[in-house]
Amino acid sequence: MPSLTVRQLDEKLKQRLRLRAAKHGRSVEDEVRTILRAAAADTDSFVRDEPSHDPALAHDRPASSKRVLLVIGGGIAAYKSLDLIRRLRERGLVVRVVMTKAAQQFVTPLAAGALSGERAFTELFDPASEFDVGHIRLARECDLVVVAPATADLMAKMANGLASDLATAVLLATDKRILLAPAMNPRMWAHKATRRNLAQLVADGVAIVGPNAGEMAENNEAGLGRMAEPLEIADAAGALLAGATGALKGRRVVVTSGPTHEPIDPVRYIANRSSGKQGHAIAAAAAAAGAQVTLVSGPVNLPDPPGVCVVRVESARDMQAAVEAALPADVAVFVAAVADWRTASVSGEKIKKGGARAPTLALTENPDILASVAQRKARRPKLVIGFAAETEKVVEHAKAKLARKGCDWIVANDVSAESGVMGGDDNAVHLVTAAGVESWPAQSKDAVAAALVARIAEAVAGDGR
Ligand SMILES: Cc1cc2nc3c(=O)[nH]c(=O)nc-3n(C[C@H](O)[C@H](O)[C@H](O)COP(=O)(O)O)c2cc1C
């Protein structure tokens, strides 16, 4: 039998053994004996054929597996986070779970631990893991932190930098990207305090998925506040992890999308036919390339792109305020079909018919969001891109728009009825820059988005960041 002493081991291994021994309250020699005994008894650990085909049961993980730290907050939707663990593991991700005290009122650490394949962490002052400052390790030994459900309380604590329990301490200590899946009563979500906290978190670079609209757990309550479905959250996590090495990694991108609705009275509004498909595709492509994306969207019937923070607005003025709040950014892409005019005054009551004459709508011009950002003196994004929707002389008008607005590029498309662009899935665009005009062939809006994002990545690559 060969003889081996602990002294002969390299320093790194010795240090790890010391930590393990301290954790289990044993001497280093006893720890080594225990490890060897366990290894000898566990023939499986030496003779492994194939990993389990049930992803939720597969404990064998390739060293390259990406790791997700899932923080479960104390909301009704916590039960869905158990399914989320499975969904993340199905994608080959390693999942570690931290639960708040309130979360344990809804689901047990045992269930979360059984599904994740390792014990769920619950205590900040845990002698078994804090002997080597375990909360810092938890915060660092992952590639992405997902908070689901993100309660109003957790969002408030995060926005203010509190670290009063294990979950918040980990969230403050991490240097990894954070994805929040908020879930709360619609009134809590709409509350000004939550709005402020959300704006702060977005400004801090936190990604958001959901919430969705729908019925609440509470009787007779419905609205915006349901946690995004586990599949949506897993998709968003996958997109963020994929983008962690992408060409726009670390860049902040603001995209506007969809139409605006300009109110006439409480039930009527002025709108346009924009579907938001192109803007949403660009936001998704930028996120997939690793950017932190804020998508300011008018009313659309589209799902939120994964890994993107979506700010929903109605009118042009709301959109302008949301864009301002999303700055600073490296790149701004203004795809939304913003109404040029709004009604000069909005009637507080529904306008009735039956008067002597039909009512006349007096219109007033809306703010020019593209020009206002492109012509900023301070905090102007490095690259400001506008979209031009034209029905005739597309390139000519786009060139004039580039000069007039002071932006860097114009992406011009023909939105005449026969082009089928408005609401359709394909687009044929012309990229108009100071260097000239490129006409791209007709392709899907996703393909236009991917090509544009590749060009954006090239353009911002040389700025030394
Ligand atoms: C039955 C019940 C359901 C709750 N659901 C939610 C919820 O969906 N979202 C939320 O923000 N808070 C919800 N709360 C309140 C949170 O549990 C409470 O704010 C708690 O302090 C959150 O703690 P945590 O953020 O540390 O997990 C609920 C409370 C109860 C009693």
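The following exchange asks what stands behind the terms applied to this structure.

Biologist: What kind of model is this, and how are residues numbered?

Modeller: This is a predicted model, in which local features need pLDDT of at least 70, side-chain atom pairs count only at pLDDT 80 or more, and totals for chains, interfaces and linings use all residues. Residues are numbered from 1 along each chain as its sequence is written.

Biologist: How many helices and strands does the protein have, and what makes a stretch count as one?

Modeller: The protein has 16 helices and 21 strands. Helices are DSSP runs of H or I with at least four residues, strands are runs of E with at least two, and numbering starts from the N terminus.

Biologist: Why is Ala 336 called buried?

Modeller: A residue is buried if 20 or more other C-beta atoms lie within 10 Å of its own, exposed if 12 or fewer, and partly exposed in between, with C-beta atoms placed from the backbone. Ala 336 has 29 such atoms within 10 Å, so Ala 336 is buried. Its place is the loop between strand S13 (331-334) and strand S14 (341-343). Of the 465 residues in the protein, 42% are buried.

Biologist: Which residues does Ala 336 contact, leaving aside neighbours within four places in sequence?

Modeller: Contact means that the C-beta atoms of two residues, placed from the backbone, lie within 7 Å. On that basis Ala 336 contacts Thr 256, Ser 257, Gly 258, Thr 260, Ser 274, Gly 279, Gly 298 and Met 319. The C-alpha atoms of Ala 336 and Val 296 are separated by 8.6 Å, and these residues are 40 apart along the chain. Across the protein, 68% of the contacts with a separation of 6 or more join residues 24 or more positions apart.

Biologist: Is Arg 379 buried or exposed?

Modeller: Arg 379 has 10 other C-beta atoms within 10 Å and is therefore exposed. Arg 379 sits in the loop between helix H14 (369-374) and strand S16 (383-390).

Biologist: What makes the backbone at Arg 379 worth a remark?

Modeller: Arg 379 is not a glycine, yet its phi is positive, about 55 degrees. Most residues other than glycine have a negative phi, and most peptide bonds are trans.

Biologist: Which peptide bonds are cis?

Modeller: Among them is the bond from Ala 148 to Pro 149, with omega near -5 degrees; Pro 149 belongs to strand S3 (residues 144-150). Another is the bond from Gly 210 to Pro 211, with omega near 0 degrees; Pro 211 lies in the loop between strand S5 (207-208) and strand S6 (212-215).

Biologist: Why is H12 called oblique to H16?

Modeller: Helix H12 (residues 277-288) packs on helix H16 (residues 445-461) at an angle of about 45 degrees, with axes 8 Å apart. Axes are lines fitted to C-alpha atoms, for helices over the stretch in contact, and angles between N-to-C directions run from 0 to 180 degrees. Angles under 35 degrees count as roughly parallel, over 145 as roughly antiparallel, 65 to 115 as roughly perpendicular and the rest as oblique, so an angle of about 45 degrees makes H12 oblique to H16.

Biologist: What is the hand of that crossing of H12 and H16?

Modeller: The crossing is right-handed. The term applies if the near helix is turned clockwise from the far one by less than a right angle, and left-handed applies if anticlockwise.

Biologist: How do the residues of the contact of H12 with H16 divide by class?

Modeller: There are ten nonpolar, one polar and three charged residues. Ala, Val, Leu, Ile, Met, Phe, Trp, Tyr, Cys and Pro count as nonpolar, Asp, Glu, Lys and Arg as charged, and the others, Gly among them, as polar.

Biologist: What makes H3 roughly parallel to H4?

Modeller: The axes of helix H3 (residues 78-90) and helix H4 (residues 109-116) cross at roughly 10 degrees and come within 9 Å. That angle therefore makes H3 roughly parallel to H4. In this contact Leu 82, Ile 85 and Arg 86 of H3 meet Ala 111, Ala 112, Leu 115 and Ser 116 of H4.

Biologist: Which helix gives the most to the shell around the ligand?

Modeller: Helix H7 (residues 152-159) does, with three residues. The ligand has 16 residues around it, of which Gly 74, Gly 75, Thr 100, Ala 102 and Thr 151 come nearest; such a residue has its C-beta atom, placed from the backbone, within 6 Å of the molecule.

Biologist: Why is H7 called oblique to H10?

Modeller: H7 and helix H10 (residues 192-203) pack at about 50 degrees, with axes 9 Å apart. The angle therefore makes H7 oblique to H10. Their crossing is left-handed.
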